[in-house]
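Me: Please take a close look at one part of the structure shown here. I should like a single connected account that begins with that part and then sets it in its surroundings.
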Amino acid sequence: MSAIVNSELIYKEKDLPLGSTRQMAQFESIKGTMVGGSRAIINIPNLRNGFLDTADAFVKFSVSTQLLGANLTNWAGGAANITNPDGVLLSAAGGVSLIRAVEIYSNSAIVARIDNSNYLSSILSVADSSLNSQDAASILAGNSFSQEGDLIGNSVCRTWGYPIADVTGTKDTISTMPTMTFCINSNILSFLGDGCMCPIFAIKNLQLQIEFESDVRVSFLGTKDAVTPAKNCTITGGTNTFSNVAYCAPVVTMDDSSMEAVIKENGFGSRNVMWSGVNHHVSVLQLSVAEQNATLDNLTKLVPANRFTSLKNITLGAFDSPEATGQIDLCIPRISVGSLQYRINGNEYPQQKIDTISKCVQNTIACYSTNSNSVGTTFMNSVGSALNYRQALPTGTQVLSARGVIGLSLETWSESDAVSGLDTTQSDTEALVSTNGATAISNSQLCFVSTYDTVYVVNAEGILSASYN
Amino acid sequence: MSVVSQDYKYAPEPEGLASRCYRTILPSENGTYGLGQRVLINIPHTHNGFINTSNSWLNVTMDIKGLTGNGITGNVCLSNIGIYSCIDQINIISGSTGLVQEIRNHQEIMALLLNNNSDRSAQLPNSVCAGTTPVVRTNLRQNNGLDVSGAGAIATQTYSIPMIGLMGAIKHLPVGFINQGLQIELLLTNSVTNIIFSKVGSATAVIGGGETTEFSFEYDADVVVVNDNSMRLIKEASSMGNSGIMSWSDTQMHCTTNTVTTAELNNTSTSFKQTLIGGVKPKSLLSIFHTGFGGSQKSGDPWNLYAYWSKDFRLRLGSQEYPPRFIETMAEAQSHLQDCLGQSAVTLYSSLADHNSSDLGSRQPAATAATTFTETGACGYNFENYVDTAQGIDTTGKQLLTDVSLVVSPSGATTNTIRAATYKRFAVIYSIAENGDFSVSY
């Protein structure tokens, strides 16, 4: 006879939580309106008895972009006669394409920096997002929405409204896109978005800085129409204008007796308090036209600054370079190499190269979940994803956004809450890639995303720091 | 006990067990294999080693050659189950103890799981890795086309597929304890028409030939090696610390097929057909699935799931009926099926089946008809007492029968038989003895 009572048969009421209140707070930028290239600076106060529930936190911002080009969406013919409504698309990566970098400071010292945030978010999205979540993501963050799974970018005017008739007028050569608002927490907020209960009461002078994108072609692209010249939209420049920038997070405020229990449990104010998190580092290297067009078997690229105590995984995605017509989505990762292998600490990972697209997909899934036909998700599919991608000028209307990344798990016990990544602190990381093709027109931006374990420390003086190598 | 909840306790994560991991490829004994051949992949004994089977997979290369027939160009499709269609059977063999796992009718099992235990999100990576169709919205999955080039050849296809059973289980496989050798045995299908099909009727195209098709296989393994102290801790935490025998629980799935004749399918008045289901009689049967596949005449996707029974479905186990009343509609059938797969809630439904493709009474089309749908009809019945406990019903010494009603289809009589497929999912216990013998019991 079994002595175990199954959980379904154990009837208990839940324990009462610690006395507290919870409300959504909005920490606003000290600047009201700014143009691309500027930084939003958001100070997060040292709230008494306060915790930030970062699992539900996001950055909110609005953007209005004046585009320059040809055959832009406009209403020069009047409101009832919108011209070329599908001319301008937002990148399939959505609103995160407008964010260049995120930095977090404590007492004026940097705690976390995520450069190339748009690349990072886009790579992780292709690696680990699913069509099931894409529907809501299209509303929240402007990611491409697609019933068929082709995941092309969004038509700005069909999704967010008509161009704004501002002082410059709205013409086919200059047109201001409607104001779009996004709520973003796409792995770019470090510990301010990773799910911990951030003990803001114990941290002094916490500041979030967000650097916005200045090149409009990173976020917008014109629709190629080879049949009707009047619908062939090109984008040559423009200005992003940002407003309404804020960090939004639920704040849990404890009553004094509950706070006393938490302080006693953890030792805030009397000793260092530590907790674990996961962070990302982005390195961008060039794969030149000559390298792409040669047949190279073991081209070695040194992945810089990839030294961590516990490297969980490393993911490669390649991005296109800007070109004159602005008709290419610059925020979508592809696979521009024919095979990939890393050499770390003198060992090859994996022992045999990743040299087929199906191995790329399985290795990527292994970084985030089990390799099951039921639960494995990525945005790669058999129609759009391929090795040896080469940037080319579009020849017709975009019907499919080919995507691809190569992830490699380096963690032993990924399914448990234990630190078990690879120690790379004493060694360089070399990426061994092969190339095979002769059609490249631009450099390919090889973007390596390293995901690593981090320990955050709040000392007795309330200074936050991070430790990872 | 502290009153402070876990969310407000701050501590860094502990270090994992001292170990290292690496990914390597285990090749098959031969380089290439033909249709109907037997593939063997040896899993080496690794000191203090484990294989993380949930993050390991099978790499497959398929080279279809010598297709013949008129009008095949542009009309050849890979089955909706992709490259899984090339494997009839997967066995795991360990030394003198023999079969640890025997999965017959592998394609039937994968057809059921891929259509009823995955969703449109999983369909994207599955299309790359297994060659299933990339179309996510509609059920017109005959669009999974393969281009036929000169001399009836199709460009070499490469796939990486997770395996079911022991080599795709949640528990790491402790190969460091198995001293008697371990082999993956794959029995390949004997006809290329079990892998590909013509999406148009026989008047336009009929696939023939393809006997020279070649395959190659390798197991892409995620290997974990721990140090001696970690191994000692693992032994202590496992049952091996007390009894000297390491054993753990898992589940397996077997499939048995029975023929339903055209005379039975074309009865003009409703008749009931009872079928005795052979195979194992496990001590803990967790669930039963039932569906049908096309007969010997090749038309349409060979791995379509036809809910061939006209209205009523029920199981008889020993002297009892399950459920007491017949399952009479496809909605009920699908609800029972989702229950078996742990998805019985509106937010958890996960299936590629829809109301267009899973009608009761569906039958294999005539060879002259074009394929219009990937059929997904199936039914299930859950015997598991508690969620995820693997506590099912004891079937030792009991006979299992399926009971279905049959009547001729309103759209006309069928010319094809049906292979009714009944699946048993049951609990097993794997054991490794002190001398390294690996065995299974159920």
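Within what distance do the axes of helix 6 of chain A and helix 2 of chain B come, and at roughly what angle do they cross?

Reply: The model is a predicted one, in which local features need pLDDT of at least 70 and side-chain atom pairs count only at pLDDT 80 or more, while totals for chains, interfaces and linings use all residues. Residues are numbered from 1 along each chain as its sequence is written, and chains are lettered from A and ligands numbered from 1 in the order in which they are written.

The axes of helix 6 of chain A, residues 357–366, and helix 2 of chain B approach within 8 Å and cross at roughly 140°. Helices (H or I, at least four residues) and strands (E, at least two) are DSSP runs numbered from the N terminus. Axes are lines fitted to C-alpha atoms, for helices over the stretch in contact, with angles from 0 to 180 degrees between N-to-C directions. The two helices are therefore oblique to each other; angles under 35 degrees count as roughly parallel, over 145 as roughly antiparallel, 65 to 115 as roughly perpendicular and the rest as oblique.

From helix 6 of chain A, the residues involved are Ile357(A), Ser358(A), Val361(A), Gln362(A) and Ile365(A), which meet Pro125(B), Val128(B) and Cys129(B) of helix 2 of chain B. Contact here requires C-beta atoms, placed from the backbone, to lie within 7 Å. By class, this helix–helix contact comprises six nonpolar and two polar residues, with no charged ones. Ala, Val, Leu, Ile, Met, Phe, Trp, Tyr, Cys and Pro count as nonpolar, Asp, Glu, Lys and Arg as charged, and the others, Gly among them, as polar.

Helix 2 of chain B is mostly covered, nine of its 10 residues being buried. A residue is buried if 20 or more other C-beta atoms lie within 10 Å of its own, exposed if 12 or fewer, and partly exposed in between, with C-beta atoms placed from the backbone. The buried set includes Pro125(B), Val128(B) and Cys129(B), the three residues that helix 6 of chain A meets. Among the elements covering the buried residues of helix 2 of chain B are helix 2 (131–140) and helix 6 of chain A, as well as strand 10 of chain B. Just beyond the end of helix 2 of chain B, Gly131(B) adopts a positive phi of about 80°.

The helix pair belongs to a wider interface, in which 54 residues of chain B contact 54 residues of chain A. On the chain B side, at least two residues each come from strand 1 (19–27), strand 5 (57–63), helix 1 (106–116), helix 2 (120–129), strand 10 (157–161) and strand 14 (214–226). Helix 2 of chain B gives the most, with nine residues. This side of chain B divides into 27 nonpolar, 17 polar and 10 charged residues.

Chain B as a whole contains six helices and 23 strands. Its radius of gyration is 23 Å, close to the 22 Å of the globule rule for 442 residues, so chain B is as compact as a globular protein of that length; the radius is taken over C-alpha atoms, and the rule is 2.2 Å times the number of residues to the power 0.38. The C-alpha trace of chain B spans about 70 × 55 × 50 Å along its principal axes, and 49% of the 442 residues count as buried. Of the contacts in chain B with a separation of 6 or more, 82% are between residues 24 or more positions apart.

In chain A, an open sheet of four antiparallel strands has the order 17-22-19-20. Strand 17 (296–303) and strand 20 (347–354) form its edges, each pairing on one side only; two strands pair if DSSP finds at least two bridges between them. Strand 20 of chain A is joined by four bridges to strand 19 of chain A, residues 339–344, in an antiparallel arrangement, and Ile354(A) in strand 20 stands opposite Leu340(A). Strand 20 of chain A also contains Pro350(A), whose peptide bond from Tyr349(A) is cis, with omega near -15°.

Conventions:
Contact = placed C-beta atoms within 7 Å.
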